[in-house]
Amino acid sequence: MPLEARHLIDLETLPLARATALLDLAEQFLDARGQVATPAAFHAALADRQVALLFLEPSTRTRVSFEIATRRLGGYPVVVDGDSSSIQKGESVVDTCRNLEAMGVSAFVVRHQQDDIPHLLTQALQVPVINAGNGRGEHPTQGLLDTLTLRRRFGRIAGLRVSIIGDIAHSRVARSNAHLLSRLGAHVTLGGPPALLPENDDGRWPDVRHVTQRAEALEGADAVIVLRIQHERLEGLKLDVDAYIRDWRIDDVVLRNEMRPSAVVLHPGPVMRGVELAPDVADGPRSLILAQVAHGVAIRQAVLATLVGASGEHP
Ligand code: NCD
C-alpha cells in the first residue's frame, strides 16, 4: 500500500478509485432524503480513537462537521485552536502534533494558512493526516462533498457543465473542485474578474475554461458553484466591491435571464449575503447550500471511517 493512502491531502493526485470509493461510502451515511444517518454497523467504526482537529484558521462548517462525524463513528474529537494552544506561544505546528501523537491521538485533521503544512505533517507523523484547508492550496473534503452533492442531484459527473465563479485566485475550494470534477469528466469553467482569476497556475490547474464575463460563465451551466471574496488573502489587492456586485452577484434576475431553468446553485459557505449571492437565491428552491452541509458530514464520516477506522481499509 502506498504511504500516501494513509492521508488525504489533495484531489489533484488522489487516485480516482479512492475518490469514488469515498463518495460511495458517504452515500451509506445519508438516508433517502439526504439527511445524515449512520448505520449501526458504523457506530463503533473509530473504536474510541481520538482524532485531533487542529484549526488554525477560522472555520465553522468544516470543524463542526468533522467533530460530528468523529462522534457519530464512536471516536473522540480533540479540538485544538490557535488562540488557546501553545502555538500562540510560538510552538511549531509540527511539534504540537508530535506531542499530541505521543498522547495517543490516532489522526490529525488540519486547517492552516500555510500551503505546505499538511505535507510537513505527513513527513513528521506516523498517523493519518487529513487536510481541512491549506492556504490557497486545496480543501479536499469540500471538493468531495460538492462532487457528492452534484452526483446525487444529476446522477453523474461525467459530461456535467460546472461553473465555479468568484474569487478563484484565492480559493482552495475552486482548486479542489476543478481538479476532481474535471478528472471525473465534467466540463469545468472558472469565471471571475481578471484580478481574481489566476493564470493557468504554472500548468498545475487542470484543463479548464477561464472566462471573465458572468453571462459567459453561466451560459449552459448545469451547476454554478459561487465563491466568497477571500478578503483575508487579498494581500493589498484593492477590489471595487460595488463593481463586483454589479458584475458577478447572482440574484433572481440573473437566475432567470442568464442561467438554464434547471441549473442549481452551490456555495461552500460562509455566504456573504448580498455580495456574491442575493438572499432569495441562497434560500431559494435552486440552492443546494444546505444539502452540501449535510453531505459534508457524510463525506467526513467516509474519510474518517476509511483512514482511521478500526478495520484500517485504504481504498
Ligand atoms: C471555505 C474555506 O475555508 O476554504 N469554507 C469552507 O470550508 N466551507 C471557503 C471560504 O472560506 O470562503
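This note goes through the ligand site of a predicted model, followed by two points on its backbone.

1. The shell of residues around the ligand consists of Arg61, Thr62, Arg111, His139, Gln142, Arg172, Val173, Arg228, Gln230, Pro268, Gly269 and Pro270. By class, this shell divides into 3 nonpolar, 5 polar and 4 charged residues. Two helices, α2 (61–72) and α6 (172–183), each supply at least two residues of the shell.

2. Polar contacts to the ligand involve both side-chain and backbone atoms of the protein. An N or O atom in the side chain of Arg172 is 2.7 Å from an oxygen atom of the ligand, and an N or O atom in the side chain of Gln230 is 2.8 Å from an oxygen atom of the ligand. At Gly269 the partner is a backbone N or O atom, which lies 3.1 Å from a nitrogen atom of the ligand. The ligand, which taken alone exposes 320 Å², has 93% of that area buried by the protein.

3. Where in the protein does the ligand sit? The space that the ligand takes is the largest pocket of the model, and about 370 Å³ of space lies in that pocket. Its lining comprises 21 residues, of which Arg111, Arg172, Arg228, Gly269 and Pro270 are the closest to the centre of the pocket. The elements that give two or more residues to this lining are α2 and α6, the helices that also each supply at least two residues of the ligand shell. The lining of the pocket divides into 5 nonpolar, 9 polar and 7 charged residues.

4. The peptide bond between Gly269 and Pro270 deserves a separate remark: it is cis, with omega at about -5°. Pro270 is placed in the loop between β9 (264–266) and α10 (279–282). Both partners of the cis bond belong to the residues around the ligand, and both are listed among the lining residues closest to the centre of the largest pocket. A reader inspecting this bond may therefore wish to keep the backbone contact of Gly269 in view, where an N or O atom lies 3.1 Å from a ligand nitrogen atom.

5. The last point concerns Ala47, a residue other than glycine that has a positive phi, near 45°. Ala47 is found in the loop between α1 (16–27) and β1 (50–55).

Notes
Residues are numbered from 1 along each chain as its sequence is written. This is a predicted model: local features need pLDDT of at least 70, side-chain atom pairs count only at pLDDT 80 or more; totals for chains, interfaces and linings use all residues. Side-chain values use heavy atoms; hydrogens and water are left out. A residue is near a molecule or strand if one of its heavy atoms lies within 4 Å of it. A polar contact is a pair of N or O atoms within 3.5 Å; within protein, one must be able to donate a hydrogen and the other to accept it, and residues adjacent in sequence count only if both atoms are side-chain atoms. Accessible areas come from the Shrake-Rupley method with a 1.4 Å probe; for residues, only the protein chains shown count as cover. On a 1 Å grid over the protein atoms alone, a cavity is a set of points where a 1.4 Å probe fits but cannot get out, and a pocket is an open set with protein on both sides within 12 Å along at least five of seven lines; lining residues have an atom within 4 Å of a point. A molecule sits in a cavity or pocket if more than half of its atoms lie within 2 Å of its grid points. Helices (H or I, at least four residues) and strands (E, at least two) are DSSP runs, numbered from the N terminus. Ala, Val, Leu, Ile, Met, Phe, Trp, Tyr, Cys and Pro count as nonpolar, Asp, Glu, Lys and Arg as charged, and the others, Gly among them, as polar. Grid points are joined across faces, edges and corners, and a volume is the space filled by probe spheres set on the points.
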